[in-house]
Amino acid sequence: MKQFFNVLFILSSFALFAQVETHTVIEDSKRIPREHKVDMQYAKIELSFEPKSKLVIGKVTHTFTSLQNDVNKLFLDGIDMTYKSVKVDGELAQFEKDAKGITIKFVKPIQRGAEHQLEIEYEANPWKGLYFVGWNDPNNLSRKQIWSQGQGIDNRHWIPMYDERNDKIISEMIVTFDNKYKVLSNGKKLKEKDNKDGTKTWQYKISHPHSAYLIMLGIGEYEIKESKSKNGTPMSFWYYPDYEDRVEWTYKNSEDMVDFFEETIGVEYPWSSYSQIPVQEFMYGAMENTTATIYGDFFHVDERAFLDRNYVAVNAHELAHQWFGDCVTARTSSHHWLQESFATHYNMLYEKRFYGQDHFDWSRRQGNNGSLKASLVDYKPLAHSAAGSTRHYPKGAFVLNMLRYVVGNEEFNASVKHYIEKHKYQNVDSEDLLIAFHETLGVSLDWFWDQWVYRGGEPHYEVDYSDLSENGQRFTQFTVTQVHEQNEVVGLFKMPIWFEVHYADGTSDNQQEWIEKETEVVKINNIANKEIAYVLFDPNSEVMKKVSFDKPIGMNVIQAFSAHMMLDRYDAVVALRKYPIAKKQEALVRVFDQENFHAIKSEIMAQLADNKSALSIELIRKAISDKDVLVRKAVIANLMDIPQELLSDYEKLLTDQSYEVVAKSLNKLCFEYPENIERYLEITKNEVGAISKNVKIVWLEHSFNSNKSPELVAELVKYTSISYEFKTRVASAQALQRLNYSDEILVKNLIEAMGSPNSRLSNPCTKVFRHFYSQTSYKHNIDVLVRNGQWTAKQQTKINNITR
C-alpha cells in the first residue's frame, strides 16, 4: 500500500507539472540596468582644446546624491585619461585610475540622501566620442571642426562621468576656443563672451534632465539661420558659409515638422530650443543630441542633390527623438526600440504628409521585407539589445503602425500622449508603454506585446479562395493557414485581418475577422450573385507577414488596374513575374501608363527591360523621361544593354537634374559605346556632383581610361587624401582600384584612412589597400613604404592584418 501511494504521488506530480504553462523568450544579458550607488544630478563641464594634438583640457563638476548608506568610493567612466586634480566637496580626494575610468575614495563614507560635489580636472586624447576633423590637413583644404558622438557609451572618452542611459542629469557646457569659430552645445546659450587673447567663451545649459550619452559639442566655421515653430520654439539652422544656397533644401519644412509632431503626439516640444548642425566625417546619418542634432554634411544638399538623398526623413526622425529617446529614455538597451521604433514611426508619418500615402506604404513594405529577411538569421524579438537595426527601426515602426491599426488612431494617440506625459524626463521600459495603453484605454494588450515585442518571427499565411454556393446562397470562402515554423519563441499569431471581395460591377464586400488558429475559414456572402473581379487578403498590407496567395493571371491584371491602394496594385504586378512576356506585356504597358508611383513603374520596367519589342522599347523611352527620378534611375538599374534605337533617349540622362543619374548614365554609356566617349565627357566636363564629387570622379576615371593622362589620375589620388571628406575619398580610392593604379601617395592616403574611427572610410580603404598589396607588381614597394613609415597603433594593426 505504501508503494502504491508513492507511485500515485509521483504520477500526480508529473500530471501537475505537465499542466504548468511556460513562457519562453530569448535571454538578453543587457536587460538588467547597471547598478549605481549615487544619483548624478548636475554636470558642469568646462573645456578648452589643443586641436592639432587632439587634446581635451577639461574640468567637470558633478553634483550628486547618494542612493545608499555608507558609500566609501565612487567609480566614473573615463577612458585613458590623465587626472590632474580630484576634489570632493572642495577638499582634495584620493583616487585610483585605470584604462576604463577613475575610482574616487571618500574620506568618510557618504550617506543616503546627502548631496555632494565632485570636481575633476583632467586631460584626454579621445579616439572615440569626440572627433577633431581637418586640423592636421597639410593642404589646409579640409573644414576644421570638433564634434561629438556620444551614443552608445562614447562620451566617457572625453568627459569623466557615469556614462549610462539609466541616470539623467542637467548638463552645463562652458567652452573656450578661437573666436574665429562658433560653438554649439545642449540647451540655451547663456553667454558668448570675447576674451583678450583672441578666444571666446560660450556657455550652454539644458533645461531638463537628460541621459549622459546625449551631451554634445559642435565647433566649426558656420553661419546660422534663426527661425521659430508655430508654437514659438526657437530653431537654429547651422550651415557652412559657402553653402548658403543649400539651406532651403537641407532644412525643408523643418518648422512644419515641429508643428506636426506637437499636434500628432499631443505633447508640446519638451525642450527650450532646437538646433541642427552639419559635420564632416560623420559615421552615421545623424544623432539626436538633446536640443542639438548633429548630422552628416552629405545631407547638406542643394536642389539637385535633394533628388538623390535628402534630409527630410532623417530630419523628422531626429526631431521625433526629442520626445522619444531624449525626453523619455529607455532604461537599458533591451528597450532601445522604444526610441528608434517611435522615431521611425513618426518620421514615416511626416513623410506621408510630405510625399503622400503611397510613399508611406512603400516604406512599410520595405520594413516588412527587411524583417522577414532578418528572421532568416535568428528570431530575436524587438525588445532585445541585439535585435539589430532592421528590427529596432523599420520593424518596430511597422509594429507601432499595427498597434495603431488594432486600437484605432485616436486611441493610439491618446495612449502615447499619456505615456510621454507620465514619464517625462524619466527612464522607461517596454512594460511602461503597455501600462500606458491599459491606463488610457482599459484594454489588455499583453497578447500584442507577447507576439510582437517580446517574441520574434512573423506569420506566414497561405491563403486560397473559392467561389461557392450552398443551399442557393453564393459566397466567397477564404481559407487561411499559418505555415511558419513554430518553436519556443515563435508561435501562432493573433491579428484582426480584413478580407475584401471586389466585383465586376465595381462594388465590393469586406469583412474583418480575427485570425489566430492554425487554419481559419472565412465566408463572405455574395448576396446579389455578382461576378468576382478580384479578392484581397489584408488589403494595403496592414499586418506584417509573408503571404502565399496564388491567383489567376486575369484576376491579377484586374487588381493591378483597379485596386485602390498602391501596395495591392504592386503585389498584382509582382505576381505577373512568372508569366511569359506574351501573356502580360500589353497589360503591363497599360498599367505603366496609368500608374503614378515609382515602385510599380520600376517593377514593370524590370519585367520588360530585356524585351526588344516595339511596345517594350516605347515603354522604356517613356521611363527615361519620367518626371519621377526614381523611375529614371530604374531604367539605368534594369536596362542591361542600351539598344541603338534608345541611344539618343538614353543620352539625355547625361543632362539630368539628378547627380546620381548623370554619374550612372555616364558610366554606362562610356562602357557600352566607347566610340562616343569623348562626346560624353565633353557634355559632362563641368559637372562635379554632390558633396562627394560623384560625377567628377566617374568623369576622371573614364577620361583616364580614354587618354591615360597622368594629371587625371593624380587628381583622383589627390581626392583620397585627408583634405577631402570621406565619401569623396572612398569613391576616388575605388575608382583607382578599378583602374588598377597605385603610387606612394595613394598608399599613404589609404593607410591614413585605415586608421580612421569612421568605419565608412576605414573599411573600404582597407579593402583597396588589400587589393593592391595582393599584386606582385605593387607588393614590394608597399612593403618598403610600410617599413620606413611612421604609423599610429591603429594604422599599424590594420597593416599587419594584411601584410603578415
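Visitor: How many of the 11 residues of helix H14 (residues 598-608) are buried?
Guide: 10 of the 11 are buried (under 20% relative accessible area, 1.4 Å probe, protein chains only), so helix H14 is largely enclosed by the rest of the structure. This is a predicted model, where local features need pLDDT of at least 70, side-chain atom pairs count only at pLDDT 80 or more, and totals for chains, interfaces and linings use all residues. Residues are numbered from 1 along each chain as its sequence is written, and side-chain values use heavy atoms, with hydrogens and water left out.

Visitor: What covers the buried residues of H14?
Guide: The cover includes helices H6 (357-374), H12 (566-574), H13 (581-594), H15 (614-624) and H16 (629-638). Helices here are DSSP runs (H or I, at least four residues), numbered from the N terminus.

Visitor: Take H15. At what angle do H14 and H15 pack?
Guide: About 145 degrees, with the axes 10 Å apart. Axes are lines fitted to C-alpha atoms over the stretch in contact, and angles run from 0 to 180 degrees between N-to-C directions.

Visitor: Which residues meet there?
Guide: Ile604, Met605 and Leu608 of H14 meet Ser616, Leu619, Ile620 and Ala623 of H15; contact means heavy atoms within 4.5 Å. The contact residues divide into 6 nonpolar, 1 polar and no charged.

Visitor: Now the sheet. In what order do the 3 strands come?
Guide: E3-E7-E6, in an open sheet with antiparallel pairing. Strands are DSSP runs (E, at least two residues), and two strands pair if DSSP finds at least two bridges between them.

Visitor: Which strands stand at the edges?
Guide: E3 (71-77) and E6 (94-98), each with a single partner strand, so one side of each lacks a neighbour in the sheet.

Visitor: How many bridges join E3 to E7?
Guide: 6 bridges join E3 to E7 (residues 101-110).

Note on methods. Buried means under 20% relative accessible area, exposed over 50%, partly exposed in between (1.4 Å probe, protein chains only). Ala, Val, Leu, Ile, Met, Phe, Trp, Tyr, Cys and Pro count as nonpolar, Asp, Glu, Lys and Arg as charged, and the others, Gly among them, as polar.
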